[in-house]
Amino acid sequence: MGTVYHVTVVDPPAGLAREAAAAGVDAALAEVNARMSTYRADSEVSRFNRAAPGEWFAVSADTADVVATALEVHARSGGAFDITVGPLVDLWGFGAGSKGEDRVPAEAEIAAAAARVGSGALRVRADPPALRKEAEREIDLSAIAKGYGVDRAALWLEGNGVANYMVEVGGEVRTAGRNPQGSKWRIGIEAPELQQGHAITAVALSGESVATSGDYRNYFESGGRRYSHTIDPATARPVDHALASVTVVAADCKTADALATAIDVLGPERGMAFAEREKLPVYLIVRAGGGFESRSSTAFAPYLVDRDAEAGP
């Protein structure tokens with residue numbers, strides 16, 4: 001997945017050795033990567049992308065589940081989250097199929113790539129699990145598969161008797177039970193840009209997941225403008241707003257991952273309106289006056305560490 005992961009287990013069952021837990025988590029993540037990576041020619045996603053339109057393409061239940069969630073978030077967000085946006089991501093230099101050039105594409109190139117984007121052409125079924133495309137489409141699950149990898153690793157731990165854990169893959173986190181101090185897990189929200197590596201605030205979780213999306217790590221600059229890796233399907237261009245990062249709390253990490261990207265596309269005003277409408281726990285860091293300001297949705301308040309500390313463990 002192009003990143004690192006970290007797992008903490010508290011009070012593991014007596015029969016579960018540290019080496020066995022590490023191997024189980026590693027295998028769970030490797031399986032998700034093998035099925036959903038666009039960097040592997042033999043993955044289910046890559047093979048589906050090469051398949052002809054109009055026919056059902058058999059996939060694992062995992063892949064069908066992830067695509068179904070992606071289509072649900074696509075609908076909920078008014079199309080802001082779109083797993084078919086890959087041709088545009090590649091064109092702008094951020095995808096697996098990009099040439100690595102920091103350049104602004106020509107209008108004709110943008111139009112040609114945009115013609116191959118649109119989740120409305122995708123179909124998914126659960127039994128037997130399969131995908132179908134009604135037109136030429138390629139899917140890229142990079143904005144949701146990492147969260148799903150977190151979920152699969154967490155479910156492996158639960159299936160082996162672990163009740164207290166924190167699984168983190170590239171900044172996406174799922175928790176259960178209590179931390180080594182017997183309290184809820186404290187998960188920091190990173191400050192963007194010059195303050196990277198420092199937490200601007202933290203959330204207290206037990207049984208929830210959290211994911212963050214932002215434009216402060218992966219971008220290029222040209223002609224005095226910043227071009228983010230986050231592409232808006234509606235404009236076929238990198239997002240152009242003041243939102244630096246968005247953090248979402250959800251029951252599972254795949255949903256948190258997808259919703260964070262959707263709100264990152266929508267921007268601070270539309271994103272917060274979406275969060276309030278959907279009653280989502282959301283924390284935004286927005287560029288303002290040469291610095292940053294924080295905004296949070298109504299549903300986010302119970303997760304803030306200070307409030308949790310006041311209530312006790």
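# A tour of selected sites

Select Arg125, which is found in strand E3, residues 122-126. The model on your screen is a predicted one. Show the side chain of Arg125 and colour the residue by accessibility. Arg125 has a relative accessible area of 30%, so it ranks as partly exposed. Now add Trp56, Ala64 and Ala130: not counting residues up to four places away in sequence, these are what Arg125 touches. For a distance across the chain, pick the C-alpha atoms of Arg125 and Ala61. The two residues are 64 residues apart along the chain, and these atoms are separated by 9.3 Å.

Which backbone oxygen lies 2.8 Å from a polar atom of the Arg125 side chain? It belongs to Pro128. Select Pro128 next. Pro128 is placed in the loop between E3 and strand E4 (129-133). Look at the peptide bond that leads into Pro128 from Asp127: this bond is cis, with omega near -10°. Most peptide bonds are trans.

## Strand E1

Go to Thr8, in strand E1 (residues 5-10). Show the side chains of Thr8 and His6, which are joined by a polar contact of 3.0 Å. Then display Asn164, Tyr165, Met166 and Trp185; Thr8 is in contact with these, leaving aside its neighbours within four places in sequence.

## Helices H1 and H6

Select helix H1 (residues 18-36) together with helix H6 (residues 145-159). Their axes are 9 Å apart and the two helices pack at an angle of about 145°. The crossing of H1 and H6 is right-handed. To see the contact, show Ala20, Ala21, Gly24, Val25, Ala28, Leu29, Val32 and Met36 on the H1 side. On the H6 side, show Ala145, Tyr148, Gly149, Val150, Arg152, Ala153, Trp156 and Leu157. Sorted by class, the residues of this contact are 13 nonpolar, two polar and one charged.

Stay in H6 and select Asp151, which is in this helix. Is Asp151 buried or exposed? Its relative accessibility is 4%, so Asp151 counts as buried. Leaving aside neighbours within four places in sequence, Asp151 is in contact with Arg174, Ser209, Asp252, Cys253 and Lys254. Of these, take Arg174: Asp151 and Arg174 are 23 residues apart in sequence, and their C-alpha atoms are 7.0 Å apart.

## Helix H7

Asp252, one of the contacts of Asp151, leads to the next stop. At the start of helix H7, a side-chain oxygen of Asp252 comes to within 3.4 Å of the backbone nitrogen of Lys254. Select the whole of H7, residues 253-266. This helix has 14 residues, and from its first C-alpha to its last it reaches 20 Å, close to the 20 Å expected at 1.5 Å a residue. H7 is mostly covered, with 14 of its 14 residues buried. Move just past the end of H7 to Gly267, which takes a positive phi of about 90°.

Return to H7 and pick Thr255, which lies in this helix. Thr255 has 16% relative accessibility and therefore counts as buried. Beyond its neighbours within four places in sequence, Thr255 is in contact with Thr69 and Ala250. Another pair to check is Thr255 and Leu243: they are twelve residues apart in sequence and 20 Å apart in space, C-alpha to C-alpha.

Add helix H3 (residues 61-76) to the view. H3 and H7 pack at an angle of about 35°, and their axes are 10 Å apart. From H3, the contact is made by Asp65, Thr69, Val73 and Arg76; from H7, by Lys254, Thr255, Ala258, Leu259 and Ala262. These residues divide into four nonpolar, two polar and three charged. The crossing of H3 and H7 is right-handed.

## Two loop residues with positive phi

Most residues other than glycine have a negative phi. The last two stops depart from that pattern. Select Ala236, in the loop between strand E12 (231-232) and strand E13 (237-238). Ala236 is not a glycine, yet has a positive phi of about 65°. It counts as buried because its relative accessibility is 5%.

Finish at Lys279, in the loop between helix H8 (268-278) and strand E15 (282-288). Lys279 has a positive phi of about 55° and is not a glycine either. Is Lys279 buried or exposed? With a relative accessible area of 67%, Lys279 is exposed.

How values were computed:
Residues numbered from 1 in each chain as written. Predicted model: local features only at pLDDT ≥ 70, side-chain atom pairs only at ≥ 80, totals over all residues. Heavy atoms only, no water. Helix = DSSP H or I, 4+ residues; strand = E, 2+ residues; numbered from the N terminus. Expected span 1.5 Å × (residues − 1). Buried < 20%, exposed > 50% of the residue type's maximum accessible area, 1.4 Å probe, protein only. Polar contact = N/O pair within 3.5 Å; in protein donor to acceptor, adjacent residues only side chain to side chain. Contact = heavy atoms within 4.5 Å. Axes fitted to C-alpha atoms, helices over the stretch in contact; angles between N-to-C directions. Left-handed = near helix turned anticlockwise from the far one by under 90°. Nonpolar A, V, L, I, M, F, W, Y, C, P; charged D, E, K, R; others polar.
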